[in-house]
Amino acid sequence: MTAVLRSPSGSLERAWLTDLEDEAIHIIREVFGQFENPVLLFSGGKDSIVMAHLAMKAFWPTRLPFPLMHVDTGHNFAEVIAYRDRKVTEWGAKLIVASVQDAIDSGRVTETAGQTRNPLQTVPLLDAITSNGFDAVLGGARRDEEKARAKERVFSVRDDFGQWDPRNQRPELWDLYNGRHRRGEHVRIFPLSNWTELDIWAYIEHEGIEVPDIYFAHEREVVDRDGMLLAVTEFTPVREGETPRVESVRYRTVGDATCTGAVASTAGTVADIVVETAASTISERGATRADDRASEAAMEDRKRQGYF
């Protein structure tokens, strides 16, 4: 994990962040140069926030030259959706919402009672890519999150059905990226591949980027479920035998509320989160995402089917 370097005054030394920023902006500009119709996935989570920030830097002073897209499960944290909508308005960006609820209502996917909607995101995502004719999809996934994402190339081709074959990937030497694809295929692009969770927070601190309040320690009603602290919400009511309690927590990821756990924390500032993250010995997804615990290959199975 990257060491946190600070000057005697306490400010962050920037050298390694500059390298990561330069690489990501180069990749984003490559996408704009190689593809006709890109889109950037934006959920209001920290990685997609950094992606949007980098994209705006890449094309400043013009506005974002491509739209944002959120694959919305309908079971989100209210604070994150409010942040998403406010930022899209501030940036003057176009937001496309690929709705899991709409896919359920139209019969495109079937919801199973008591199970998370996360796996159901694949169909509305692929539907939106096809209906809008997107040939490049920029995402904020990082290789340090979990092992399936560690296998991904920066430019990762998806076939006509949106599927990924990890055994058939192109070599990427130096900073040369191959965006060639056939009609019907599209390419997933991951400019943050070489970043870690700690890099993300150090960059947020250095750039003074606003993030949803849910990332900072706050008191929330939670229950212990499947080894996680799960918030009590309208989507995740208290089950028989569970005892809710109010605890100081924060979120390391802000996915679907039914499968995203909080962590006990008193970190009230980004600087506090940088320190807390540097001391952590478990990845954010390993600590707080129930859907990745379904099997050893849970994420890879979903990515093969078209998940982001």
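Accessible areas here come from the Shrake-Rupley method with a 1.4 Å probe. On that basis, the protein exposes about 14,100 Å², and carbon and sulfur atoms supply 51% of this area. I should state at the outset that we are looking at a predicted model.

Let me turn to the overall dimensions. The protein has 308 residues and a radius of gyration of 19 Å, which agrees with the value near 19 Å that a compact globule of this length would have. Taken along the principal axes, the box filled by the C-alpha atoms is roughly 60 × 55 × 40 Å. As for the interior, 53% of the 308 residues count as buried. The contacts may be described in similar terms: among those between residues at least 6 apart in sequence, 72% join residues at least 24 apart.

A word on charge. The protein carries 37 positive and 50 negative charges, and the mean positions of these two sets lie 4 Å apart.

I come now to secondary structure, which amounts to 10 helices and 10 strands. I would draw your attention to one sheet in particular. In what order do the four strands of this open sheet lie? The order is β8-β7-β9-β10, and the pairing is antiparallel. The edges are formed by β8, residues 228-231, and β10, residues 263-264, each of which pairs on one side only.

Finally, consider the contact of β8 with its neighbour. Strand β7 spans residues 218-225, and four bridges join β7 to β8, the two running antiparallel. Within this pairing, V223 has L230 of β8 as its bridge partner.

Note on methods
Residues are numbered from 1 along each chain as its sequence is written. This is a predicted model: local features need pLDDT of at least 70, side-chain atom pairs count only at pLDDT 80 or more; totals for chains, interfaces and linings use all residues. Side-chain values use heavy atoms; hydrogens and water are left out. Two strands pair if DSSP finds at least two bridges between them. The radius of gyration is taken over C-alpha atoms; the globule rule is 2.2 Å times the number of residues to the power 0.38. Buried means under 20% relative accessible area, exposed over 50%, partly exposed in between (1.4 Å probe, protein chains only). Contact means heavy atoms within 4.5 Å. Lys and Arg count as positive and Asp and Glu as negative; His and the chain ends are not counted. The place of a charge is taken as NZ of Lys, CZ of Arg, CG of Asp or CD of Glu.
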